[in-house]
Amino acid sequence: MKHKIAIAAALLSATFFASAASAKTFVYCSEGSPEGFDPGLYTAGTTFDASAHPVYSRLLEFEPGTTKPVAGLAESWEISEDGTVYTFKLRPDVKFHTTEFFTPTRALNADDVILSFERQLKSDNPWNQYLPGTAWEYSAGMGFPELIKSIEKVDDTTVKFTLNRPEAPFLANLAMPFASIVSKEYADSLEAAGTKEKLNQAPIGTGPFSFVAYQQDAVIRYKANPDYWGGAPKIDDLVFAITTDAAVRYQKLKAGECHLMPFPNAADVESMKSDENLTVLEQEGLNVAYLAYNTTQAPFDKPEVRKALNKAINKQAIVDAVFQGMATPAKNPIPPTMWSYNDAIEDDSYDLDAAKKMLEEAGVQNLSMKIWAMPVSRPYMLNARRSAEIIQDDFAKIGVNVEIVSYEWAEYLDRSKAKDRDGAVILGWTGDNGDPDNFLDTLLGCNAVGGNNRAQWCNQEFDDLVKKAKITADQEERAELYEQAQVIFKKDAPWATIDHSLSIVPMRKEVSGFVQSPLGDFTFESVDIAE
């Protein structure tokens, strides 16, 4: 089967643009390559767009265009009075994909759900370390191994989750990409063949599209799933044309070589809006970009040093140069469109003289450091290299020498997690479930150190507040706790918060049915193309 997949991938590039001309082949000019195709292993939106959204489904899904969790593979559920037992009733007769490399013999059942989660929770599960260095970063960062006491099969279509404590965002968490449901039957067949790594290379799910082939860093191809439980897609084929340069994506869009693109250069948006062949969608992004210091490494282990550096960053200059008005400077780690945003917090003012004095008072002289610049465009950071250059210039004015470094995207994400990482890393986040917990605990909680917490920052007072908010049912009480946590964040400054951006999506006029997501997802099960 491996041979067949390789042949399909090789042929794909030769037939790509011919097939793209077909009326029902939808081409998405994606911004980067996926790290793999098993969504449980990763946290990046680029990877989720290529794996979780087309190929897989979850117990719950987000209602299109919202952050509201609704029925997915689970058609209904019950919650115990104490908020610790969730019983899910699965849809009957949901089919897994039939492909060249796998033919299922049964429908989705409780065994698939149990494997999908237990592999992320239990170190003795045979799929827990199926790839070298597997960390289940999202599950670990959200505390799932400590939260979930047990997962039980009541019958083939009923699964019971028992938690060690109440968890206010639990239903929303189950709608997130990392909670995608894999096929146990497929996993068993791979284990028997000694090819477990294929779970991350040739995925099988219950989503709207089945995987066909991937040509590394070039093209991913999918076919519509006619048996999709949510209704068969209107298009026959979905193609991801991996195009890392935003200017090239725009040229392909104008030429009709792709139907939709993400993350345009800010300078191109006005011309896009004036092009009669294009439609441009726009909405507030549920996002933040940041510069994360490694708070375990001197001199960045001192809050006063981090605060001094923050005062030397001209965030407005970054917003003007990189986003041309399509973003606002950030002062908090959550976006202003999210409930519990603490608007009373005052941002660090841009003051080079004060920054220089604060460094001197902290005993820091002749500081040299690295700033990591992302190699890809993301909604929260369209051009990390340009942003890093602006920060480099600002820091030079206070006597700090900056070397800008970068790596290929998957390597960048992996290396930046290291607890002994040098310097400060530019990254960001688009919310995955609409809950403040998904920012404050997922990115800054002690559980996430060595993973999503790129600042390696563990502040017990902050952590206690966000953990308490997790188990509090009342949203007003939760909001108060999160507002207090933001005060501690600002005081301790593990990040320099940079911006919150607008989400801009240009597409061809002949495209219909695309729903822009507040979570920044790119999903295509509802799209159509005019004949």
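In this predicted model, Cys458 is partly exposed, with a relative accessible area of 46%, a value that falls between the limit of 20% below which a residue counts as buried and the limit of 50% above which a residue counts as exposed. Cys458 takes part in a disulfide with Cys446, and the two sulfur atoms lie 2.0 Å apart. A disulfide is a covalent bond between the sulfur atoms of two cysteines. The torsion about the S-S bond of Cys446 and Cys458 is about 95°, and the disulfide is therefore right-handed. Both cysteines are placed in the loop between helix H16 (437-444) and helix H17 (460-470), where they are 12 residues apart. When the whole structure is searched, one disulfide is found. Two other cysteines, Cys29 and Cys258, may be set beside this pair: Cys29 has a relative accessibility of 0% and counts as buried, and Cys258, with a relative accessibility of 0%, is likewise counted as buried.

Burial can also be followed along a whole helix. Helix H4, which covers residues 110-121, consists of 12 residues and spans 17 Å from its first C-alpha to its last, close to the 16 Å expected at 1.5 Å a residue. Because 11 of the 12 residues of H4 are buried, this helix is largely enclosed by the rest of the structure. The buried residues include Ala110 and Asp112 towards the beginning of the helix, together with Arg119, Gln120 and Leu121. At the start of H4, a side-chain oxygen of Asn109 comes to within 2.8 Å of the backbone nitrogen of Asp111.

A similar kind of contact is found at helix H13 (residues 352-361), whose N-terminal end is capped by Asp351, with a side-chain oxygen 3.3 Å from the backbone nitrogen of Asp353. After H13 comes Gly363, which has a positive phi, near 75°.

Another aspartate, Asp394, is located within helix H14 (residues 384-396). Asp394 has a relative accessible area of 3% and is buried. A polar atom of the Asp394 side chain lies 3.0 Å from the backbone nitrogen of Asn314. When residues up to four places away in sequence are not counted, Asp394 touches Ala312, Ile313, Asn314, Tyr350 and Leu352, so that Asn314 appears both among the residues that Asp394 touches and, through its backbone nitrogen, in the polar contact with the Asp394 side chain, where a cut-off of 3.5 Å applies.

The strands are considered next. Four of them form an open sheet in the order S1-S10-S9-S8, with mixed pairing. At the edges of this sheet are strand S1 (25-28) and strand S8 (209-215), each of which pairs on one side only. From one strand to the next, the twist averages 20°. Within the sheet, strand S9 (residues 219-224) and strand S10 (residues 237-241) run antiparallel and are joined by five bridges, and in S10 the bridge partner of Lys223 is Asp237. In a regular strand the side chains alternate between the two faces of the sheet.

Strand S17 (residues 495-508) offers a further case of burial, for 13 of its 14 residues are buried, so the strand is largely enclosed by the rest of the structure. Several strands pair with S17, among them strand S11 (residues 278-284), which runs antiparallel to S17 and is joined to it by seven bridges; here Leu281 stands opposite Val505. Strand S12 (residues 287-293) is also antiparallel to S17, with four bridges between the two, and Ala289 stands opposite Asp499. Strand S13 (residues 327-329) pairs with S17 in the antiparallel sense over three bridges, and the bridge partner of Thr328 in S17 is His500.

Finally, a loop residue may be considered. Thr43 is found in the loop between S1 and helix H2 (45-50), and with a relative accessibility of 12% Thr43 counts as buried. Leaving aside neighbours within four places in sequence, Thr43 is in contact with Phe48, Glu137, Tyr138, Trp429 and Asn452.

Methods: Residues are numbered from 1 along each chain as its sequence is written. This is a predicted model: local features need pLDDT of at least 70, side-chain atom pairs count only at pLDDT 80 or more; totals for chains, interfaces and linings use all residues. Side-chain values use heavy atoms; hydrogens and water are left out. A disulfide is a pair of cysteine sulfur atoms within 2.5 Å. Buried means under 20% relative accessible area, exposed over 50%, partly exposed in between (1.4 Å probe, protein chains only). The expected span of a helix is 1.5 Å times one less than its number of residues. A polar contact is a pair of N or O atoms within 3.5 Å; within protein, one must be able to donate a hydrogen and the other to accept it, and residues adjacent in sequence count only if both atoms are side-chain atoms. Contact means heavy atoms within 4.5 Å. Two strands pair if DSSP finds at least two bridges between them. Axes are lines fitted to C-alpha atoms, for helices over the stretch in contact, and angles run from 0 to 180 degrees between N-to-C directions.
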